Amino acid sequence: MKLISEFLQLNLLSFALILGIIIMLIENRRERPHGTDHVIAIVVMLTVIVINAGLRDLYMMSGFDSERNYRNDVVMTMFYLRNAIEHILFPMIAYVELLLIAPVRKKHIIFIPELVCIVSEIINLAKPGIIFSFNKHLDCVDGPLMMMPYFVGMIYLLLLMRYSVLFIKEKELSKGVTVIFIVFLTLAECYLEAAYIVKDLMDEIVALDVIIYYFYLVAIYQSEMKIKLHTSELELERSKRMLMISQIQPHFMYNSLTSITYLCDKDASQAKKALIDFSKFLRKNLEAMSRKNLVPINEEIEHTKVYLSLEKIRFGEDLDIIFDIKDIDFVIPVLTVQPLVENAVKHGINRSESGCGTVSISTAETEEYHKVVIKDDGGGFDVESLKDLDGSHIGISNVRKRLYDECGGMLIIKSAPEEGTECTILIPKENHDENSGN
């Protein structure tokens with residue numbers, strides 16, 4: 001128990017940092033941001049280094065005998081292995097950090113310095129002295145290549161610094177600054193240790209580097225997920241819009257085709273015109289499926305006129321249409337006026353007691369808004385019933401949502417039984433100016 005206590009005292013900070021990384025990995029196990037596998041590999045290597053160093057320190061505190069001759073002893077063999085493992089793993093961690101942080105393409109070429117380090121350490125185990133050796137009292141004696149593991153680690157740190165400059169040039173400022181800080185922290189520790197100001201803090205610094213960058217990875221991942229979620233929501237809304245547009249009301253198609261069939265016998269030229277209008281109407285609806293941008297109000301008015309010309313065939317003198325277009329200098333989501341006019345005809349005029357009436361479409365400009373008003377003098381309804389709209393009403397909720405999402409617009413509906421209905425579209429001028437500039 002005492003040995004465990006001493007072991008933890010010697011390596012408490014290292015284990016606390018490693019435990020912190022493990023907790024973060026567990027917390028984000030489902031999301032697994034890019035680079036998680038590299039972080040896990042670093043944690044494993046770092047844990048081996050900490051345990052390796054802790055066992056050495058424990059032996060030096062409790063089992064070391066300064067008078068004992070350790071030559072050809074199993075303890076000396078273990079010390080050779082321990083130092084070789086440490087010399088191999090620290091540059092290896094720097095190499096994995098490079099793979100984690102930078103978009104390295106020639107991974108095998110960049111691994112060559114670490115491979116040279118591994119081969120040299122193996123040779124040193126077979127014939128001590130090239131990199132390091134121990135005298136009979138376990139004092140470490142530097143060899144001619146003693147600085148090689150540190151030199152290999154520095155190569156990877158310099159490559160990291162090079163990539164950080166590229167990140168900043170490519171406007172990835174946060175990533176570049178994060179990498180520069182990590183490299184600076186590591187180099188500062190190397191200098192302080194070389195100057196004997198601090199001792200054996202490299203594992204803690206490496207763990208801190210990993211924590212800093214993993215926090216960055218998680219933050220970037222969460223930001224990307226928010227963007228993807230927002231994009232998915234927009235795509236879902238667009239899909240709903242496409243579905244709504246594609247579901248052209250069967251009753252309107254049947255009625256239009258029936259009216260055109262009747263005209264074929266009565267007035268061939270009118271039938272031809274009606275077929276052209278019907279073709280334009282269908283084409284506009286199909287084109288609207290792929291339209292992402294706002295469209296000029298003129299386009300919406302023209303499409304509405306085509307629709308009304310077809311309805312006029314069926315209603316004849318029972319349907320009066322008035323256009324009062326005073327403002328044309330704004331844009332609007334595609335297919336927002338025509339569905340409201342269709343509602344005015346279908347639910348207003350067609351269901352009135354007389355079965356006839358007037359639909360007026362006007363545009364005007366105020367200080368804050370561009371305004372479109374669709375008004376009918378038909379049957380009207382209780383506005384509260386809009387809360388329980390079913391499929392028989394064409395796109396009121398859809399129009400309202402698209403107006404808000406695409407240009408910050410509003411749809412205001414006023415109606416009362418037997419008093420007609422007034423639908424007002426308000427397009428804020430601020431949003432219009434922004435959209436016009438895109």
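**Notebook: helix α13, the five-stranded sheet, and Asp277**

I began with α13 and found Ile396, Asn398, Val399, Arg402, Leu403 and Cys407 buried in this helix. Looking down the axis of α13, I see these buried residues fall within an arc of 160°, so they line one face of the helix. I recalled the general rule: an α-helix has 3.6 residues a turn, so residues three or four places apart point the same way. On the other side of α13, I noted Ser397 and Tyr404 as exposed. I am working from a predicted model throughout.

I then checked the length of α13. The helix covers residues 396-407, twelve residues, and at 1.5 Å a residue it should span 16 Å. Its end C-alpha atoms are 16 Å apart, which agrees. Just after α13, I found glycine 408 with a positive phi of about 70°.

Next I asked which strands α13 lies across. They are β8 and β9 (421-428), and the helix runs at about 145° to β8.

That took me to the sheet. I read it as an open sheet of five strands in the order β4-β6-β7-β9-β8, with mixed pairing. Its edge strands are β4 and β8 (410-415), each of which pairs on one side only. On average, neighbouring strands here are turned by 10° against each other, direction ignored.

I looked up the pairings of β6 (residues 357-365) one at a time. Strand β4 (residues 319-325) runs parallel to β6, and seven bridges join the two. I picked out two partners: phenylalanine 323 is bridged to isoleucine 361 in β6, and isoleucine 322 to serine 360 in β6.

Strand β7 (residues 369-376) runs antiparallel to β6, again with seven bridges. Here valine 359 stands opposite aspartate 376 in β7. What joins β6 to β7 along the chain? I found a hairpin that passes through three residues.

I also looked for a helix packed on the β4 side of the order. Helix α11 (residues 297-315) lies across β4, β6 and β7 and runs at about 165° to β4.

My last entry is on aspartate 277, which I placed in helix α10 (residues 268-288). Is aspartate 277 buried or exposed? The cut-off for buried is under 20% relative accessible area. Aspartate 277 has a relative accessible area of 9%, so I list this residue as buried. Leaving out residues up to four places away in sequence, I found that aspartate 277 touches Val306, Ser309 and Leu310.

Key
Residues are numbered from 1 along each chain as its sequence is written. This is a predicted model: local features need pLDDT of at least 70, side-chain atom pairs count only at pLDDT 80 or more; totals for chains, interfaces and linings use all residues. Side-chain values use heavy atoms; hydrogens and water are left out. Helices (H or I, at least four residues) and strands (E, at least two) are DSSP runs, numbered from the N terminus. The expected span of a helix is 1.5 Å times one less than its number of residues. Buried means under 20% relative accessible area, exposed over 50%, partly exposed in between (1.4 Å probe, protein chains only). The arc is that of the directions from the helix axis to the C-beta atoms. Contact means heavy atoms within 4.5 Å. Two strands pair if DSSP finds at least two bridges between them. Axes are lines fitted to C-alpha atoms, for helices over the stretch in contact, and angles run from 0 to 180 degrees between N-to-C directions.
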